[in-house]
Amino acid sequence: PLALPVLSGVNQYGLKWGLYCAAILNFVGSFIRYIGISSYGWVYVGTLCCSFAQVFTLSMPPFIAGEWFGSHERAMATSIGVLAY
């Protein structure tokens, strides 16, 4: 459900914005999980925050391939980027 807003945000604001959002969400989620280790609810909230970051990271390989590679190299770069995760 978050893919459409994330993809439109990356299209509008660029790759750097998308990667920053993913990094911040991962950091916040990991920090919540670390602080709330004694409570299952807080661990769940932190995991949910980290899962929101996955929407950003899983949509990056096609955008990176489109920006950095030529038209005859994009398919290979996208497949390598997707398999690297």
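In the predicted model, Tyr-13, Trp-17 and Phe-56 come together as one aromatic cluster. A search of the whole structure returns four aromatic pairs, among them that of Tyr-13 with Trp-17, whose ring centres are separated by 5.2 Å and whose planes enclose 45°, an arrangement classed as tilted. Within this pair, Tyr-13 has a relative accessible area of 54% and is therefore exposed, whereas Trp-17, at 31% relative accessibility, counts as partly exposed.

A further pair is formed by Phe-27 and Phe-31, for which the centres lie 6.1 Å apart and the planes meet at 20°, so that the rings are stacked, the angle being under the 30 degrees that the stacked class requires. Both residues belong to helix H2 (residues 15–35), where they are four residues apart, which corresponds to about one turn of the helix. With a relative accessibility of 56%, Phe-27 counts as exposed, while Phe-31, at 47%, counts as partly exposed.

Turning to helix packing, the axes of helix H4 (residues 60–68) and helix H5 (residues 74–84) come within 8 Å and cross at roughly 145°, and the crossing of H4 and H5 is right-handed. On the side of H4 the contact involves Pro-61, Pro-62, Ala-65 and Gly-66, and on the side of H5 it involves Arg-74, Ala-77, Thr-78, Gly-81 and Val-82. By residue class, the contact of H4 with H5 comprises five nonpolar, three polar and one charged residue.

Definitions and conventions:
Residues numbered from 1 in each chain as written. Predicted model: local features only at pLDDT ≥ 70, side-chain atom pairs only at ≥ 80, totals over all residues. Heavy atoms only, no water. Phe/Tyr/Trp six-rings, centres within 6.5 Å; stacked < 30°, edge-to-face > 60°. Buried < 20%, exposed > 50% of the residue type's maximum accessible area, 1.4 Å probe, protein only. Helix = DSSP H or I, 4+ residues; strand = E, 2+ residues; numbered from the N terminus. Axes fitted to C-alpha atoms, helices over the stretch in contact; angles between N-to-C directions. Left-handed = near helix turned anticlockwise from the far one by under 90°. Contact = heavy atoms within 4.5 Å. Nonpolar A, V, L, I, M, F, W, Y, C, P; charged D, E, K, R; others polar.
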